Amino acid sequence: MIPSQIWEIAPGAVHVPGWLTLDEQRHLVQACREWARGPVPIRHTVLPGGGVMSVQTVCVGWHWQPYRYTRLAHDVNGRKVADFPDWLGDLGRRALESAYDHPADSYEPDTALINFYDGQARMGMHQDKDEKSDAPVVSLSVGDTCVFRFGNTQTRGKPYTDVELASGDLFVFGGPSRLAYHGVPKVYPGTGDPATGLTSGRLNLTMRVTGLR
Ligand SMILES: O=C(O)CCC(=O)C(=O)O
Ligand SMILES: [Fe+2]
């Protein structure tokens, strides 16, 4: 295989286009489909102020609800989310190795948030800061291409860099970029390859280390 190109967007923030093979994307879509059904079904997360997120989210390992991780999904059906599978941890370590070009044996993600975007869904600028660990976030995308806005650690606004994340792309943010604001201002409907098993929309999976036990 041709080695993937690696783009450093900011220190510790790396974009690797086309990192997942089509087979890996298919496998991920299948797994996400199962997780979306339960034990805690995929849902539009309700924010404390009453707002509803336009993306739909399902978690594995730990359940995220704004703004903490819990064992049980109190805001959905009170059940425990699916276990974080070993194969996903292996994929996370491989991803980190590709992005940073050094071994990642000690990287042990214990939660994944899976977001589904339809053509209208967006995600506002935010920091991933509910984890009690400074380990990197590994992000994998399948389906429609989006604009991923990667900003700075100080403000929601400029400076930021807009990156197009397409199906199979890997994005890692850690180190000095771990707490950078980021968001998804736009998804381009109809740009994904149905061969992934996803006929419309965009799937994004982020793995994280919660630092909880
Ligand atoms: O969909 C994406 O690419 C980013 C998702 C994200 O930032 C999150 O789940 O915290
Ligand atoms: Fe995020």
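Modeller: UniProt positions follow the numbering used here, with feature names shortened, and annotations may be inferred rather than shown by experiment. The model is predicted: local features need pLDDT of at least 70, side-chain atom pairs 80 or more, while totals for chains, interfaces and linings use all residues. Residues count from 1 along each chain as written, chains are lettered from A and ligands numbered from 1 in the order written.

Colleague: Which residues does the "domain: Fe2OG dioxygenase" annotation cover?

Modeller: The annotation comes from an unreviewed UniProt entry. Its span is 0% helix and 43% strand (DSSP runs, H or I of at least four residues and E of at least two, numbered from the N terminus). Its end C-alpha atoms lie 10 Å apart. The record gives residues 108–211.

Colleague: Which strands each supply at least two residues of the shell around ligand 1?

Modeller: The shell takes residues whose C-beta atom, placed from the backbone, lies within 6 Å of the ligand. Among them are Leu-113, Asp-128, His-182 and Asn-204. The suppliers are strands 7 (111–117), 13 (182–187) and 14 (202–208).

Colleague: Which strands stand at the edges of the open sheet?

Modeller: Its four strands run antiparallel in the order 8-13-10-11, pairing by at least two DSSP bridges. Five bridges join strand 10 to strand 11, and Val-147 stands opposite Glu-164. The edge strands have a single partner each, so one side lacks a neighbour: strand 8 and strand 11.

Colleague: Is Gly-197 buried, partly exposed or exposed?

Modeller: Gly-197 sits in the loop between strand 13 and strand 14. It has 18 other C-beta atoms within 10 Å. Buried takes 20 or more, exposed 12 or fewer, with C-beta placed from the backbone. So Gly-197 is partly exposed.
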